Amino acid sequence: MRYVSEFREPSAARMLAHEIRAACTNSWTIMEVCGGQTHAIVRFGLDSMLPPGITLIHGPGCPVCVTPLETLDKAIVIASREEVIFCSFGDMLRVPGSSLDLQTVKSQGGDVRVVYSPMDALALACKHPDREVVFLAVGFETTAPANAMAAVQAKRRRLDNFSLLVSQVLVPPALEVILSAPASKVQGFLAAGHVCTVTGYEHYRPIAEKYSVPIVVTGFEPVDLLRGILACVRQLESGRAEVENEYKRAVRPAGNPVALRQIEEVFEVADRKWRGIGEIPQSGLVLREKYHDVDAERRFGVEAVATEEPSECMSGEILQGLRKPPECPAFGTRCRPEAPLGATMVSSEGACAAYYRYRRNRGPSESG
Amino acid sequence: MSDPKPLEGLGTCPLPLRVHRTVQMAHGGGGRAMRDLIERVFRSAFSSGTSVPHDSAIVDLEAGRLAFTTDSFVVSPLFFPGGDIGKLAVFGTVNDLAMAGARPVCLSAGFILEEGFSLERLQQVVDSMREAADEARVSIVTGDTKVVDRGKGDGLYINTAGIGVVADGLEVSPSRVRPGDVVLVSGDIGRHGIAVLSVREGLAFETSIQSDCAPLAGLVARLIEAGVEIHCLRDLTRGGLASALGEIALDGGVGIEVEERAIPVEAPVVAACEILGLDPHYVANEGRLVAFVAPADGQHALEVMRSHPRAAGAARIGQVVSAHRGVVHLRLSFGGERVLDLLSGEQMPRIC
Amino acid sequence: MCLGVPGRVTRRFEVNDLPMGKVDFDGATVDVCLAYVPEAGVGSYVIVHAGFAISMLDENEARQVLDDLAEIERLAGADERKGDE
């Protein structure tokens, strides 16, 4: 594939790994923020190419993992209604709510459908005027423009049978929570490349300065990830703490102004609970008042659904990079991909699932 | 006014005799309508014309052990690029027989029809099954029809069961797999799953990919005739290559190592997987097999496969090892390794 | 967040007043909303996420990275030859 395969060349990756080894005189702990980056690291085995001094921590950039339990439970309530066609990205189907997940609702007769885009859900609303179509609008800033467009189009085309269950989260507040935790070991960040195509990266400068950490905007192919790590290591070795862009082919400093305007039109910033972490102020997006009529929570009266977190799951600490999956007493025993206790085991990017799949047969002394 | 006499030749069936366009409950009722359906649609397609319908079919078989298998087919949509549920139903069961080293002989076909299903489409499916049976050199000798209420089925479900004969002394099963065995795949992976997804509502995309749905009995027969020492065969279906290998690793109590670089995947399948966030190792196939053969026969087996039209793209992908029993390891093109686990459920398209 | 794949716009059209494009990914073609990349024309490369183009792909920048890699390779080769002498 053009502009993909070239960035997956093993020989190129090996050269970059060599450069990283040459640049590295100390041990460094770097967090990659985005679940897609975690997935790529595991899929291509990139961490095994790094020198032993570099530790990669998987951060909370997985909207699947951090979608609050309340949202899942609300989704399940709505999806169980007979008149509803409940649409979602595939990632969310097996994330456990308090007792069920959407896949189970489907097997019990709920009309739950996987879609590729919120526009597919909109198309279903046009096609089935007698049904209520609800779209589970989760995501980081990367997906906010798509979800915003669905809201705008529903209003413009006067589709009264379409609504969104919104659980949008923002990355920068999460970075601050991680960096301000007393036990934080994170010394450098690989910022999520596709989030930055939308938001740009100028707003990371105050964070880099305040906490004295390099933040490198990084893509998702092996060459991109290794270039991001190399840039981060070089900064750390020379005591710099700047914001750098190593995904220039996709990311501009100001991001995508057209997309940002649309997000601004539809959403406003609000406090948001992150599963396993708790409430982070000003870290989420909610629909503005003029879009309340496409808000599924209001339409179906589920604003007050209350939930309980299972006490054994330590997803929260893992998401912040404070603990590693094998340290969890339930890891691999009571908590496995077939029977997950928390979202980090369900999502294939979740640190626990990645660990389970990749490292189960090795000893806990392996690096990474 | 005298009592109306029954019109001659029409009997006393209360259902007006007219041509139906769709399946009615009566078609499953055991009466004239059902008999009519069976004659017009099923027997005219499947039978040789000379046999008298009876509760069971009697088949003559040569000496040997019987292989017996069954499978049900619930694919949606019913028609997809490169195939349909009927073709799948025939080839799927034929292939299961072939994987045991059997020569497939005959099939049964059970149909569960949803009330309201189009009879024209049923005819298309049945015609497709007849063509598939001809291609696979099997006959469909018996069957069953039931009709369920509207809303209680996806239009059509099919079950096929099959009988085949296994030659004396031939044993093809996971229990025969040994460390050192060579692992081969008969062609590129992931076509069927992508072909079906490409026409599914909510995920639709355009692609040239057609399902690889095909019978494999001929390929297996050629390998046996060529004297290859085959330890195990498995056709790749749901769950793809990774699932087939994973099951054999578990059932055979062995470890398996495969090279990512050696596994053939066509560019359009790669592209579709990238867009949907799918791992091609887990995408469904319907016309591919993996073969576990004795170490000394690895090269020979590969050559025999490549000489067969159904396996021109065959490749050697790995070997059986005594380490990490029950687990499949994928050697990455980047030099690392990862476990190819069995999935806990169906692979989902993702955005993250 | 996450899955963004580069593809080439092969056709532009409109649906419900929304600018759309046929985007080809070397073997699969998807209908993509181009509202967020108004400058994309036929032949442009865009990054696609959830049915939307969220960014133009800057082909010059892509080339720059590949040239850098070629340069590293060239230097590594030169180092090797030096080491052999």
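Student: How many helices and strands does chain C have, and in what pattern do they come?

Tutor: In this predicted model, chain C contains 1 helix and 5 strands. Going along the sequence, the pattern is β-β-β-β-β-α, with the helix coming after the strands.

Student: What can I use to judge the overall form of chain C?

Tutor: Try the radius of gyration, set against what a compact globule would give. A compact globule of 85 residues would come near 12 Å, but chain C has 19 Å. The spans of the C-alpha trace along its principal axes add to that picture: about 70 × 25 × 20 Å.

Student: What share of chain C counts as buried?

Tutor: Burial is judged by counting neighbours, with 20 or more other C-beta atoms within 10 Å as the mark. By that count, 45% of the 85 residues of chain C are buried. You can also look at contacts within the chain: of those between residues at least 6 apart in sequence, 27% join residues at least 24 apart.

Student: Now the meeting of two chains. How many residues of chain C are in contact with chain A?

Tutor: On the chain C side there are 30 residues, and they are in contact with 38 residues of chain A. The elements of chain C that give two or more residues to this side are β4 (45-49), β5 (52-56) and α1 (59-84). Of these, α1(C) gives the most, with 8 residues.

Student: What kinds of residues make up that side of chain C?

Tutor: The side of chain C that touches chain A divides into 21 nonpolar, 5 polar and 4 charged residues.

Student: How do I read a sheet, and in what order do the strands in chain A stand?

Tutor: Strands of a sheet pair through backbone hydrogen bonds, either parallel or antiparallel. In chain A, 5 strands form an open sheet with parallel pairing, in the order β2-β1-β7-β8-β9. At its edges stand β2 (54-61) and β9 (243-245) of chain A, each with a single partner strand, so one side of each is left without a neighbour in the sheet. On average, neighbouring strands here are turned by 25° against each other, direction ignored.

Student: Which residue in β9(A) stands opposite A:Val216?

Tutor: That is A:Glu244. As for the strands, β8 (residues 215-218) of chain A pairs with β9(A) in the parallel sense over 3 bridges.

Student: Which strands does helix α8 of chain A lie across?

Tutor: Helix α8 (residues 171-180) lies across β1 (28-34), β2 and β7 (188-192) of chain A. For its direction, compare the helix with β2(A): α8 of chain A runs at about 130° to that strand.

Conventions:
Residues numbered from 1 in each chain as written. Chains lettered and ligands numbered in written order. Predicted model: local features only at pLDDT ≥ 70, side-chain atom pairs only at ≥ 80, totals over all residues. Contact = placed C-beta atoms within 7 Å. Helix = DSSP H or I, 4+ residues; strand = E, 2+ residues; numbered from the N terminus. Nonpolar A, V, L, I, M, F, W, Y, C, P; charged D, E, K, R; others polar. Pairing = 2+ DSSP bridges. Axes fitted to C-alpha atoms, helices over the stretch in contact; angles between N-to-C directions. Rg over C-alpha atoms; globule rule 2.2 N^0.38 Å. Buried ≥ 20, exposed ≤ 12 C-beta atoms within 10 Å, placed from the backbone.
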